[in-house]
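Me: I'm just starting out with structures, and I keep tripping over the labels people use. Please walk me through a few of them, and show me how each one is earned.

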Amino acid sequence: MARVLVDSPLPQLDQLFDYRVPERLRDVARAGVRVKVPLRTGGRIAQGWIVELVDTSEYGGRLSDLEDVVGGVPLLTPEVWRLARAAADRAAGNASDILRLAIPSRYVRVERSWLAAGAGEGAGDGEPGPLPEVAPVEGFEPGRVESGIERGERMSLAANPRLLRLDSGTWVGSWAVTLAQVARTALAADRSSLLVVPDHRDQEQLEAALADVVDARRVLRTDARQSGGDRYRAFLDATGEAARVIIGNRSTVYAPAARLGLIAIWDDGDPLYAEPLAPGVHARDAALIRQEQSGAALLFLGHTRSVEVTRLVELGWVHEIDPVRHVRPRIVLTEQQASPEPGSARIPSSAWRQAQQAVTEGPVLVQVARPGHTPLLVCDRCREPAKCAACGGRIEVPASGGAPRCDLCGTGTAGWKCPVCESTKLRAATIGATRTAEELGRAFPRARVILADGERQVLRVGPEPALVVATRGAEPVADGGYRAVLLLDGERMLLRESLRVAEDCLRWWSNTAALAAPGASVFLVGVAGALGTALATWRQPEWAAEELAGRRAVRFPPAVRMASVTAAPDRLARATELARDAAPGVDLLGPMPLDDGLERAVVRFDYGAGHAVAAALKAETIRTATERRRPVAGRGPGRPPVLRVRFDDPDLP
């Protein structure tokens with residue numbers, strides 16, 4: 001008999017079903033392969049995964065036969081199945097949803113060539129080179145990180161905020177060299193590594209750093225930028241017996257890996273690690289689960305420390321490893337002031353003079369909050385962000401230009417009045433990257449101006465003089481580092497309505513400051529107080545600890561966990577009552593009305609109650625999904641009932 005997980009989003013099918021293996025499939029039906037199975041409801045054929053093969057079944061009725069085996073490679077390894085099951089249970093979701101993220105689509109031609117070439121054992125490229133020797137990780141006490149990897153510790157490291165020149169001549173962040181070195185340490189012990197980064201910009205630096213210390217045939221890349229066939233080939237190689245270094249974005253944490261020895265996450269506070277698809281498990285949480293299941297080492301590396309990791313450090317669950325040779329950037333806090341130079345109203349005079357001098361020597365970086373021309377508007381009198389009277393959306397100037405309008409419904413500003421002070425005048429709260437580049441181009445007529453944002457992606461710039469205007473997160477790496485860095489629009493960045501806004505800003509600014517050349521000045525404009533001081537003194541962990549204490553006082557994440565529940569009022573009341581009864585200390589925020597007659601409430605609970613609350617809400621989700629629809633007179637079956645549950649929702653509170 002085969003125990004099969006059906007690939008379906010229906011919560012009632014999130015369990016193992018027993019099927020008889022017919023004689024014709026006995027030789028190819030193995031644990032981990034994809035199969036086709038019949039479903040008794042509707043008589044349709046569904047796909048699924050064989051989780052295990054057993055001799056007997058607890059089901060007393062007649063078992064259906066497997067319909068077919070799809071492919072001859074066991075893609076679902078036991079460790080990935082355990083991870084998917086545990087992560088789904090923690091989030092009250094379906095394991096099949098996680099497997100859909102973890103296992104890429106099958107390409108028959110790629111699979112056949114892979115099998116014909118010897119199941120990926122260096123096919124076509126010769127055997128991988130010898131295992132590298134272990135070298136101390138740059139910037140830390142010799143042997144401390146290496147021994148932590150050997151013992152399977154959970155570690156938090158502060159990245160060295162500087163750029164390094166590789167033997168190949170490429171400049172990368174010191175953090176990339178650190179990750180390459182720890183991966184080499186694991187590989188020397190014949191253990192695999194999973195190196196997880198937020199996006200392709202970071203991955204490009206990491207690939208360059210790995211090329212200096214690891215045989216390229218031992219490095220596997222898995223990310224959405226690859227073609228489907230290339231990604232499937234890399235996944236097939238990862239299922240082999242050879243130790244590998246596997247790099248990619250958030251889904252890489254689910255990749256199969258022989259003898260896993262290390263999971264490393266760079267900059268875990270980046271919002272790109274939050275999975276938008278159900279059940280929405282954060283890559284950091286999946287990594288923590290996998291580390292506990294596998295016993296591999298877990299490393300969190302960043303210029304700043306997320307509040308979530310700070311909590312784990314305070315609990316003693318993650319060990320902090322102090323650097324020994326880090327040089328901090330030179331941060332200058334300024335007050336917003338006018339300057340006599342034309343076009344420099346947003347830039348204080350001290351920063352302006354430094355930029356004028358530095359741009360004659362090399363590249364200068366100017367970070368702005370948003371792309372476009374003049375995107376965001378506020379009340380001219382009280383500075384309240386302008387909201388649409390019709391739908392509550394933000395009033396902005398379109399990137400293509402034209403009159404201001406709502407970014408949601410397109411309503412113009414005729415008759416607009418501030419709800420706070422009743423002023424009818426608007427002003428620009430920030431100037432976008434495009435207009436900033438235009439103004440600086442006029443103010444520095446002899447300097448080359450480079451614009452880098454989401455539409456105009458620039459990964460690297462040379463050491464030649466240039467003004468680089470970039471939105472946050474889009475800053476290119478400059479050979480040798482920037483001769484000056486101007487962090488503009490700090491006040492605008494802090495206007496975003498989010499619990500994490502200050503944490504995100506500190507992370508953005510720290511990552512950008514690390515791109516400066518040694519001794520170069522980094523000017524933070526318009527931000528002072530504890531946040532500015534934390535950046536200037538490079539004491540981000542202390543700020544994160546204070547932020548955690550503040551959230552703990554008001555019971556906000558990550559001091560506690562939260563789950564959003566959306567349903568009709570009567571169904572919502574039942575679901576939240578079951579959650580409150582599941583464990584002591586569970587409380588409720590809301591409900592608040594939404595569209596279509598639905599309401600949303602937030603269930604708040606301690607970490608120890610997470611399993612019970614998730615089980616209660618999952619059971620109610622199954623009950624709702626299997627409930628018979630009430631017929632509507634003259635229109636047949638009514639609408640299916642709605643009950644949506646999202647644990648650790650990044651949009652809360």
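Me: What makes the meeting of the R26 and E23 side chains a salt bridge?

Reply: The pair's N to O distance is 3.5 Å. A salt bridge needs a side-chain nitrogen of Lys or Arg within 4 Å of a carboxyl oxygen of Asp or Glu, so this pair makes the cut. Before we go on: this is a predicted model, so local features need pLDDT of at least 70 and side-chain atom pairs need 80 or more, while totals for chains, interfaces and linings use all residues. Residues are numbered from 1 along each chain as its sequence is written, and side-chain values use heavy atoms, leaving out hydrogens and water.

Me: How do you know whether R26 is buried, partly exposed or exposed?

Reply: Look at its relative accessibility, which is 44%. Buried means under 20%, exposed means over 50% and partly exposed is in between (1.4 Å probe, protein chains only), so R26 is partly exposed. E23 comes out at 59%, so E23 is exposed.

Me: Why do D190 and R259 count as a salt bridge?

Reply: Their N to O distance is 3.4 Å, and the limit is the one you've just met. This pair links distant parts of the chain: D190 is in the loop between α5 and β9, R259 is in the loop between β11 and β12, and they are 69 residues apart. D190 has a relative accessible area of 32% and R259 has 36%, so both are called partly exposed.

Me: What about R604 and D587: how close are their N and O atoms?

Reply: The closest N and O atoms are 2.8 Å apart, so by the cut-off this is a salt bridge. R604 sits in strand β29 and D587 in strand β28, 17 residues apart. (Strands are DSSP E runs of at least two residues, helices are H or I runs of at least four, and both are numbered from the N terminus.) R604 is buried, at 10%, whereas D587 is partly exposed, at 22%.

Me: How many salt bridges does this rule give?

Reply: The count comes to 42. There's also a network of salt bridges linking D268, R284, E308, R500, E503, E547 and R551.

Me: How do you know which side chain of opposite charge is nearest to E146, and how far away is that side chain?

Reply: Lys and Arg count as positive, Asp and Glu as negative, and His and the chain ends aren't counted. On that basis R184 is the nearest, at 7.3 Å, and E146 is buried without a salt bridge. E146 belongs to helix α4, and a polar atom of its side chain lies 3.2 Å from the backbone nitrogen of G143.

Me: What makes H319 and E153 a polar contact?

Reply: Their side chains come to 3.5 Å. A polar contact is a pair of N or O atoms within 3.5 Å; within protein, one must be able to donate a hydrogen and the other to accept it, and residues adjacent in sequence count only if both atoms are side-chain atoms. H319 and E153 are 166 residues apart in sequence, yet 7.6 Å apart in space, C-alpha to C-alpha. H319 lies in strand β14 and is partly exposed, at 37%. Setting aside neighbours within four places, H319 also has contacts (heavy atoms within 4.5 Å) with R154, M155 and S156.

Me: Why is helix α9 described as largely enclosed?

Reply: Because 7 of its 9 residues are buried. Those are V307, E308, V309, T310, R311, L312 and V313. They pack against β6, α8, β13, β14, α13 and α15. Just after α9, G316 takes a positive phi of about 85 degrees.

Me: What is the size of the largest nonpolar core, in residues?

Reply: It has 67 residues, and those with the most contacts inside it are L75, L99, Y254, F605, V613 and F647. Helix α1 gives the most to this core, with 6 residues. The name applies to buried Ala, Val, Leu, Ile, Met, Phe, Trp, Tyr and Cys residues joined through side-chain atoms within 4.5 Å. Beyond four places in sequence, L75 touches G32, R34, W49, I103, Y232, F235 and L236.

Me: And how much of the whole protein counts as buried?

Reply: Of its 653 residues, 53% do. The protein has 17 helices and 32 strands.
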